[in-house]
Amino acid sequence: MTRKYSWAKLAVAVVLSLPLTACKDTKTLEENEQLKTHVAGLQKENGQLGNDLETVTAARDTLAKENERLKAEIKALKTKSSGKKAAGRKRRRS
């Protein structure tokens, strides 16, 4: 007799747990979809940031080259002008 009740209790527990399991799976699926959407957005943003980084790096490299060129130009101008100083008159008091 107790065996019949055990089986009946088990059957009732299984029947009652099925809707709860289905509900939990639905919530899990909804969360998964939200997370997938969020991950896709983050991947897109990451790609855009990568492109921006490449652009900024290229601009920095260009500016560094221009800076070196200008420094060399200034150095060349300084060496030209420093060697050719004109002799100045000395003022004498009378």
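These legends go with an overview and close-up views of a predicted model.

**View 1. The whole chain, with one helix and zero strands.** Helix 1 takes in residues 2-83, and the chain has 94 residues. If you're hunting for a buried core, note that 0% of the residues count as buried. The chain exposes about 9800 Å². Carbon and sulfur atoms supply 60% of that area.

**View 2. A nonpolar patch on the surface, made by Trp7, Leu10 and Val14.** Taken together, these three residues offer about 330 Å² of accessible area. Zoom in on Leu10 and you're looking at a residue of helix 1. Leu10 has a relative accessibility of 47%, so it counts as partly exposed; the cut-off for exposed is over 50%.

**View 3. Lys36 and Glu33, joined by a salt bridge.** Here the side chains meet at 4.0 Å, N to O. Both residues sit in helix 1, and the three-residue spacing between Lys36 and Glu33 comes to about one turn of the helix. How open are the two partners? Lys36 is exposed because its relative accessible area is 54%, where exposed means over 50%. Glu33, at 47%, counts as partly exposed.

**View 4. Asp61 and Arg60, a second pair to look at.** The side chains of Asp61 and Arg60 form a salt bridge too, with an N to O distance of 3.0 Å. Arg60 has a relative accessible area of 52%, so this residue is exposed. Asp61 comes in at 35% and is therefore partly exposed.

**View 5. Arg69 and Glu73, bridged within helix 1.** The closest N and O atoms of this salt bridge are 3.4 Å apart. Why does about one helical turn separate Arg69 from Glu73? The two are four residues apart in helix 1, so the gap between Arg69 and Glu73 works out to about one turn. Both ends of the bridge are partly exposed: Arg69 has 46% relative accessibility, and Glu73 has a relative accessible area of 40%.

**View 6. The salt bridges put together: how many does the whole structure hold?** A search of the whole structure turns up three. They are the pairs from the views above: Lys36 with Glu33, Asp61 with Arg60, and Arg69 with Glu73. As a general point, side chains of opposite charge can pair when their charged atoms come close.

Conventions. Residues are numbered from 1 along each chain as its sequence is written. This is a predicted model: local features need pLDDT of at least 70, side-chain atom pairs count only at pLDDT 80 or more; totals for chains, interfaces and linings use all residues. Side-chain values use heavy atoms; hydrogens and water are left out. Patches are made of residues with over 30% relative accessible area and no salt bridge: like charges are joined within 9 Å, nonpolar side chains (Val, Leu, Ile, Met, Phe, Trp, Tyr) within 5 Å. Accessible areas come from the Shrake-Rupley method with a 1.4 Å probe; for residues, only the protein chains shown count as cover. Buried means under 20% relative accessible area, exposed over 50%, partly exposed in between (1.4 Å probe, protein chains only).
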